[in-house]
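Reader: I would like a close look at a single helix pair in this model. Please keep to what can be computed from the atoms.

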Amino acid sequence: MINLAHVGLRYDGGPEILTDINLTLDKGSFHYLTGPSGSGKTSLMKLLFMGLLPTRGDIDFFGERVQNLSRRERAKIRQQIGVIFQDFRLIPHLNLFDNMALPLRLAHMSEHKIQTAVHDMAEWIGLRDYLKSKPAFLSGGQQQRVAIARAVITKPKILLADEPTGSLDDMMGQKIMGLFEELNKSGTAVLIASHNKILMDKFAHPSLRLKAGHLIS
Amino acid sequence: MSIPVAQVIPSSTFSHVGLMVSFMSLMAILCACSFIGVFDMTKQWMRDVDNTLTIEIPAYNTMEQSVLSQRAIKQNAIKIENFLEYDPLVTDIQIKTFTDGESDNDISIPEPVFMTVTLIEDRADQAEERLIRNITDLVPDVVTQTAKDWERDIHNIALSLQTLFGGLLLASFLITIFTISTIIKIQVKAHAQNIELIHLMGAPVGLIAALFKKSITIPVLVGCGIALCLACLSLYVLLALTGLHQNLYLCFMIAIGIVVIFITITRLTTEWTVRKALWNLP
Ligand SMILES: Nc1ncnc2c1ncn2[C@@H]1O[C@H](COP(=O)(O)OP(=O)(O)OP(=O)(O)O)[C@@H](O)[C@H]1O
Ligand SMILES: [Mg+2]
């Protein structure tokens, strides 16, 4: 679904953060992305959800070069990619319900279905009673759960998770990993950037390692 | 559109824009109507200017020429155009004198002839110009004295007034465009994070622009509505007071047209500014 060939990335004028990256995310694949802090995990994720365009090499989404995609086509593809940001990125002036409903609304789902989907999701992450609260009134772990819920609520074709369990306790971390595996079984390609060795051992999947801008399998 | 406006920008953001557009559209309506009103005012003023002109037919070498030219004025110019009221007593006596040759004294010395004519038609409708043109065709060296200077002054005043009103009208449009595009730019910057986020979640730029348009249109509609009511009321009072109410209907139409233009300007400027501001998103 996403294919990177000889991709390089540098932030305007700076040194090359990513060099000669070759990577394919296929339907039903599950990878971890590891590497020391500052190695470029988040930057690689940005390339994968079209938050940045590569400064070198080619990225194909569903067989089409990203540079050749129209704005409308890019928007369509983005709707099929669920992203869990390292810094959550919830919209501060919206309550949890509206934050979680956002991707469904972008997909033009009916308000009735959105009600059901969001309530089920909130129930599952244990935040049903907080649906009317603003993100600022939640703990870091609770906010992370909302960020996860927002990314998976549309059952995306590709799931990119940047440190999704960083603020969660072990129990919740495992529950979330279980959810990712479930999604993966139904065909979603999953890529998780993580430092959490215990969880990665428990839920074993192939691991990609970033080191000095290079990707090592 | 299934996304509530508040998803990107808090709904209170644009309430002050409504106030600004309200002021501007009120000013624009009054200026446009004044622009039209100036035409009527000038006509009114022209009507008040003395509606007469004097015509001097210079003395000729032969009496016949003088008589002919006078007759020409009387018979041709007057008759054809039918907008001359002349003093029949004076001119008829003179003409009779020349043609019939009854009095020897009068015939011996050819004199210049003066006539005062009153225009039947309105001076504002170029009646005077037409008359002078006709006489000049027959008597090339005819001398006319008119209230032309006054007319020129009135025209100058009218022109300055129209320039002023036209300038203000244009300014109100430009100020609105400038203010709205600035405010939109600021709001795009202020909400850059949320905008980037929903863009990454798959919201096309067109949808984001539509969100901005929707949230700015509501206060602008309210503002324009208030301006329209105020404008209609003041137009009604002003035009009725000054007796220029024949244009009331036209002015109401103009008011509605201007409000529609302002709403359109707002939406187009918003759309364009948002698209331009988000042009660099990947
Ligand atoms: N917007 C930016 N502008 C310039 N440089 C950046 C930007 N974002 C990241 N970098 C640089 O890119 C490099 C990789 O950053 P990145 O955030 O991708 O690392 P990371 O692997 O996600 O780190 P962490 O594990 O701490 O999250 C860093 O050296 C960082 O300084
Ligand atoms: Mg990171």
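With which hand of crossing does α7(B) pass α8(B)?

Author: The crossing of α7(B) with α8(B) is right-handed, meaning that the near helix is turned clockwise from the far one by less than a right angle. This is a predicted model, in which local features need pLDDT of at least 70 and side-chain atom pairs pLDDT 80 or more, while totals for chains, interfaces and linings use all residues. Residues are numbered from 1 along each chain as written, chains are lettered from A and ligands numbered from 1 in written order, and side-chain values use heavy atoms, without hydrogens or water.

Helix α7 covers residues 192-200 of chain B and helix α8 residues 205-242; helices are DSSP runs (H or I, at least four residues), strands likewise (E, at least two). Their axes, lines fitted to C-alpha atoms over the stretch in contact, come within 10 Å and cross at roughly 140°. At that angle α7(B) is therefore oblique to α8(B) (neither under 35 degrees, roughly parallel, nor over 145, roughly antiparallel, nor 65 to 115, roughly perpendicular). From α7(B), the residues in contact (heavy atoms within 4.5 Å) are Ile195(B), Ile198(B) and His199(B). Opposite them, α8(B) supplies Val205(B), Ile208(B), Leu211(B) and Phe212(B). Six of these residues are nonpolar, one is polar and none is charged.

The pair belongs to a chain with nine helices and four strands, arranged in sequence as α-β-α-β-α-α-β-α-β-α-α-α-α. Of the 282 residues in chain B, 44% are buried (under 20% relative accessible area; over 50% is exposed, in between partly exposed). Among contacts in chain B with a separation of 6 or more, 85% join residues 24 or more positions apart.

Chain A offers another helix pair to set beside this one. There α3(A) and α5(A), the latter residues 140-152, pack at about 30° with axes 7 Å apart, and are therefore roughly parallel to each other. Their crossing is right-handed. Leu96(A), Asn99(A), Met100(A) and Pro103(A) of α3(A) meet Val146(A), Ala149(A) and Arg150(A) of α5(A). That contact has five nonpolar residues, one polar and one charged.

Chain A also holds a metal site. Thr42(A), through OG1, and Gln86(A), through OE1, coordinate the magnesium ion (ligand 2) at 1.9 to 2.3 Å. Thr42(A) lies in helix α1 and Gln86(A) in the loop between β6 and α3 of chain A, 44 residues apart. Thr42(A) is partly exposed at 28% relative accessibility, and Gln86(A) is partly exposed at 43%.

Notes. Axes fitted to C-alpha atoms, helices over the stretch in contact; angles between N-to-C directions. Nonpolar A, V, L, I, M, F, W, Y, C, P; charged D, E, K, R; others polar. Donors = N, O, S within 2.8 Å, 3.2 Å for Na, K, Ca; no water. Buried < 20%, exposed > 50% of the residue type's maximum accessible area, 1.4 Å probe, protein only.
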